[in-house]
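User: I am new to reading protein models and would like a close look at a single topic, the salt bridges. Could you take me through them slowly and then set them beside the packing around them?

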Amino acid sequence: MGRVSQAQAQENRRRVVETASRLFREQGTHVSVADLMKAAGLTHGAFYKQFASKEALVDEVTAHVFDENGRRNSAVLERHDGQREAAQQALIDTYLSVEHRDDPAGGCPLAALATDIAREGGGREARRAYAEGVADFAGFLATDDQDGIVRLCTLLGALLLSRATVGSPLSGEILDAAHAALTEAG
C-alpha cells in the first residue's frame, strides 16, 4: 500500500479528531482506539501514524472541543449583534433544551468530559484545556449582577441531572427549573 499525501494525512488526522470529539462526548474517553478508527473509517495502524498515544489524542480533542465551544459562543454573540444579554439568553435556551439533553455527542464538552477529565493526571494538557474552557465559558456567561461560574454550574448541573433522569418527568422539570432560575436571575 502506498504512502498517503501530506494533504490526505492532514485530512485523516482531522477526521480522527472530529470522530473522537463526538465519541468521547457520547461514550467517554475510554473508547478504544480500534473502535475510534473504525468509526473514522481508517485502519487501527493509521492511528499511530497520526498520534503518539491515545493520551495525546485526548489532549488534542479536549483542546479542539473547547476551541469549538468558544467559536460557537462568539457566533451566538455575533448573531445577536454583540448584545451580550440576548446572546446569553439564546445560549441558555439552547443549553437547557430537550434537544441538547438528548445529544451528548454534539453537546457541551464540559458536561460530557467532566468525569473523564477529573480522572486524568493533574499535569495533562487535557486538564489545562478543560480548566481554560470552563473559565472562558463562565466569562461568557457573566453579567453585571451574576457570576458566570454560578450560571455555568446551574447550566451544567441541570444538564447532567436531566440526562441522568431521562424517561422520568423529573428530567424536564430540572431543565425548566434551571431555565426559570437563570432567566429570573439574569
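Analyst: What follows goes through the salt bridges and then turns to the nonpolar core and a pair of helices.

The model is a predicted one, and the count of salt bridges in it comes to nine. One of them joins the side chains of Glu-68 and Arg-25, with a nitrogen-to-oxygen distance of 3.7 Å. This pair ties together distant parts of the chain, since Glu-68 belongs to helix 4 (residues 54–79) and Arg-25 to helix 1 (residues 6–27), and the two are 43 residues apart. Although their side chains carry the salt bridge, both Glu-68 and Arg-25 are buried.

Another salt bridge is formed by Arg-119 and Asp-116, whose closest N and O atoms are 3.9 Å apart, and this distance falls within the 4 Å cut-off for a salt bridge. Both residues lie in helix 7 (residues 109–119), and because they are three residues apart there, about one helical turn separates them. The two ends of the bridge have contrasting surroundings: Arg-119 has a relative accessibility of 65% and so counts as exposed, whereas Asp-116, with a relative accessible area of 13%, is buried.

Helix 8 (residues 125–141) holds a further pair, Arg-128 and Glu-125, which are three residues apart and therefore separated by about one helical turn. Their side chains meet in a salt bridge at 2.3 Å, N to O. Here Arg-128 is partly exposed, with a relative accessible area of 39%, and Glu-125, at 32% relative accessibility, also counts as partly exposed. Elsewhere, salt bridges that share partners join Arg-25, Glu-68 and Arg-72 into one network.

Now the packing. In soluble globular proteins, nonpolar side chains tend to be buried together. The largest nonpolar core in this model has 45 residues, of which Leu-57, Tyr-95 and Leu-96 touch the most other members. Leaving aside residues up to four places away in sequence, Leu-57 touches Val-16, Val-17, Ala-20, Phe-24, Leu-36, Phe-47 and Phe-51.

Tyr-95 leads on to the pair of helices, since Tyr-95 is one of the residues through which helix 5 makes its contact with helix 9. The axes of helix 5 (residues 84–95) and helix 9 (residues 148–164) come within 10 Å and cross at roughly 20°, and the two helices are therefore roughly parallel to each other. Their crossing is left-handed. On the side of helix 5 the contact is made by Gln-88, Leu-91, Ile-92 and Tyr-95, and on the side of helix 9 by Arg-151, Leu-155, Leu-156 and Leu-159.

Key. Residues numbered from 1 in each chain as written. Predicted model: local features only at pLDDT ≥ 70, side-chain atom pairs only at ≥ 80, totals over all residues. Heavy atoms only, no water. Helix = DSSP H or I, 4+ residues; strand = E, 2+ residues; numbered from the N terminus. Buried < 20%, exposed > 50% of the residue type's maximum accessible area, 1.4 Å probe, protein only. Core = buried A, V, L, I, M, F, W, Y, C linked by side-chain atoms within 4.5 Å. Contact = heavy atoms within 4.5 Å. Axes fitted to C-alpha atoms, helices over the stretch in contact; angles between N-to-C directions. Parallel < 35°, antiparallel > 145°, perpendicular 65-115°, else oblique. Left-handed = near helix turned anticlockwise from the far one by under 90°.
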